[in-house]
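Trainee: I've got a model open and I'd like to talk it through with you. Can we go piece by piece?

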Amino acid sequence: MPPGTTEEEVRERAGLTQLHPADTAGAGVVLGAGNITSVPILDVLYELYAHNRVVALKLNPVTDGLLDVFNRVLAPLIDLGRSGSSPVAPTSGRTWCTTRRSATST
């Protein structure tokens, strides 16, 4: 924290958009470029929870083989999306759509 920041100020600002979960922040697109396999899923989760955005993920051909793994890892969130409770829904091909409010697919 910057010098002079009080504990109360830190607590008031902690939590990013989860302080106001009903306020959405539009849509985000994650382009899974590169070959670091953890980055696409981390970027999706960050968009989802830090910015409260609908998220579409496009995997790089290098990480295509991880689509099934990502689907299994996010299965609890995907199941919530299918039930209409949010936050993640799979889409056709190599793209995911995630949302804080309701599941969408493209």
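Trainee: Which residue of β2 is the bridge partner of L31?

Mentor: Keep in mind that this is a predicted model. β1 and β2 run parallel and are joined by 6 bridges. L31 belongs to β1, and its bridge partner in β2 is K58.

Trainee: Along β1, which side chains point to the buried face?

Mentor: The side chains alternate along this strand, residues 27-32. A27, V29 and L31 point to one face and are not buried. The ones that point to the other face and are buried are G28, V30 and G32.

Trainee: What handedness does the unit made by β1, α2 and β2 have?

Mentor: Start with the strands: β1 and β2 are parallel. Together with α2 they make a β-α-β unit. Its hand is right-handed.

Trainee: How far does α2 reach from its first C-alpha to its last?

Mentor: The helix has 12 residues. At 1.5 Å a residue, 16 Å would be expected. The model comes close to that, with a reach of 15 Å.

Trainee: Which residues make up the largest nonpolar core, and which element supplies the largest share?

Mentor: There are 9 residues in this core: V30, I41, V44, V55, L57, L59, L67, F70 and L74. At least two of them come from each of α2 (39-50), β2 (54-59) and α3 (67-73). In soluble globular proteins, nonpolar side chains tend to be buried together. The largest share, 3 residues, comes from β2.

Trainee: Back to α2 for a second. Which of its residues are buried?

Mentor: Two of them you've just met in the core, I41 and V44. The buried set in this helix also takes in a glutamate, E47. Written out in full, the buried residues of α2 are P40, I41, V44, E47, L48 and A50.

Trainee: Is N52 buried or exposed?

Mentor: N52 sits in the loop between α2 and β2, and just after the helix it takes a positive phi of about 55°. A polar atom of its side chain lies 2.5 Å from the backbone oxygen of D23. The cut-off for buried is under 20% relative accessible area. N52 has 1% relative accessibility, so it counts as buried.

Trainee: L16 caught my eye too. What is its phi?

Mentor: You'll find L16 in the loop between α1 and β1. At 48% relative accessibility, it counts as partly exposed. It isn't a glycine, yet its phi is positive, near 45°.

Trainee: Which residue forms a salt bridge with E7?

Mentor: The count of salt bridges here comes to 1. Both partners lie in α1 (residues 7-13), 4 residues apart, or about one turn of the helix. The closest N and O atoms are 3.1 Å apart, and the partner of E7 is exposed at 61% relative accessible area. That partner is R11.

Trainee: How far apart are the C-alpha atoms of P61 and G34?

Mentor: P61 is in the loop between β2 and α3, and it counts as exposed at 67% relative accessibility. Along the chain, P61 and G34 are 27 residues apart. Their C-alpha atoms are separated by 9.1 Å.

Trainee: Last one: in what order do the elements run from the N terminus?

Mentor: The chain has 4 helices and 4 strands. Buried residues make up 30% of its 106 residues. The order is α-β-α-β-α-α-β-β.

Technical notes. Residues are numbered from 1 along each chain as its sequence is written. This is a predicted model: local features need pLDDT of at least 70, side-chain atom pairs count only at pLDDT 80 or more; totals for chains, interfaces and linings use all residues. Side-chain values use heavy atoms; hydrogens and water are left out. A nonpolar core is a set of buried Ala, Val, Leu, Ile, Met, Phe, Trp, Tyr and Cys residues joined through side-chain atoms within 4.5 Å. Buried means under 20% relative accessible area, exposed over 50%, partly exposed in between (1.4 Å probe, protein chains only). Helices (H or I, at least four residues) and strands (E, at least two) are DSSP runs, numbered from the N terminus. A polar contact is a pair of N or O atoms within 3.5 Å; within protein, one must be able to donate a hydrogen and the other to accept it, and residues adjacent in sequence count only if both atoms are side-chain atoms. A salt bridge is a side-chain nitrogen of Lys or Arg within 4 Å of a carboxyl oxygen of Asp or Glu. Two strands pair if DSSP finds at least two bridges between them. A crossover is right-handed if, with the strands pointing away from the viewer, the path from the first strand over the helix to the second runs clockwise. The expected span of a helix is 1.5 Å times one less than its number of residues.
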